[in-house]
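User: Please take a close look at a single part of this model and describe its surroundings. A connected account would be appreciated.

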Amino acid sequence: MAGYILDQTWEREAERLDALERSCDPLTIAQLRALGAGAGWRCLEVGAGRGSIARWLADRAGGEGSVLAVDLDTTLLDQDRRPNLEVRRLNIVADALPESAFDLVHARHVIGHLPDRHTALRRLAASLRPGGWMLIEDFDFRWAELRDWPCHPVAEGAVFGRVWFNTLEVMRGGSYDGGWGWRVAGTMREIGLAGVAGESRALIGDGNFTEMMHLTVLRFRDRLVGDGVSAADVDRVLALLADPRSCVTAAPLVSVRGRRPPAG
């Protein structure tokens, strides 16, 4: 994927993805349960990362179902494989996808990184069987535009907000849109999905999200300082995120579902 900035070349990316999965998986699994994902389902897991949701879906689908887990780099997907779980290196923007094949397509923290989100969603929708479900999830980081992030100690919110805003700017250079989460539902309606609905939830004091933010800022520390952000401010935020006494409000995770209309 051209411009993707959170690839797996960083030596601690596996840790960062682990923290992300631990934070988001309970929210995602609740959405998947509500959709009825279960025995016999054929599922496509997009941007599977370390594979926690792909494995959960494979266990739910059972021997009569299957899961295809795709990513640009599948290095981290080889652990704890299931017999009904296929792993494939695939670019959803450029490579061929099975058509009308899946009961479920799920993508979390993927589409917001793509320059052409409409095209990506249309291609994924075409891979759904008629009546199949799509679940798209992404963070809504628009709070960062206020340059004041909700946290404790409250006095740290301003410096936290500034540093995280600039971290998002670095990621924006790799095509990431930190505000796309609030446009997910509208985009899914535009591509013709039915029954579009969902929810947005922000965890408070979740250590896994805090760890993910810490590792993300750490990953881009030198880039931030090189772009003119005060090294003292960056290190102050890193110290806050590493302090177990701190309390950070997570960015809302937006989870939106939609259904491919039945044939006819």
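Analyst:
**Aspartate 140 and its surroundings**

Aspartate 140 is located in the loop that runs between strand 5 (128-139) and strand 6 (151-152). The model is predicted, and the values below are computed from it. With a relative accessible area of 9%, aspartate 140 is buried, because buried means under 20% relative accessible area. Its side chain takes part in a polar contact of 2.7 Å with the side chain of arginine 142. Leaving aside residues up to four places away in sequence, aspartate 140 touches Gly178, Gly179 and Trp182, and also Ala251, Pro252 and Val254.

Strand 6 (151-152), at the far side of this loop, leads to the matter of the cysteines. Cysteine 151 is buried, with a relative accessible area of 11%. The structure holds zero disulfides. Cysteine 151 is accordingly in no disulfide, and the nearest cysteine sulfur, that of cysteine 247, is 8.6 Å away. A disulfide requires two cysteine sulfur atoms within 2.5 Å. Cysteine 24 is likewise unpaired, because its sulfur is 17 Å from the closest cysteine sulfur, in cysteine 247, which is too far for a bond. Cysteine 24 also counts as buried, at 2% relative accessibility.

Another loop offers a further point of reference. Glycine 192 lies between helix 5 (184-190) and strand 7 (194-201). Glycine 192 is partly exposed, at a relative accessible area of 38%. Its C-alpha atom is separated by 8.6 Å from that of arginine 122, although the two residues are 70 residues apart along the chain.

Terms used:
Residues are numbered from 1 along each chain as its sequence is written. This is a predicted model: local features need pLDDT of at least 70, side-chain atom pairs count only at pLDDT 80 or more; totals for chains, interfaces and linings use all residues. Side-chain values use heavy atoms; hydrogens and water are left out. Helices (H or I, at least four residues) and strands (E, at least two) are DSSP runs, numbered from the N terminus. Buried means under 20% relative accessible area, exposed over 50%, partly exposed in between (1.4 Å probe, protein chains only). A polar contact is a pair of N or O atoms within 3.5 Å; within protein, one must be able to donate a hydrogen and the other to accept it, and residues adjacent in sequence count only if both atoms are side-chain atoms. Contact means heavy atoms within 4.5 Å.
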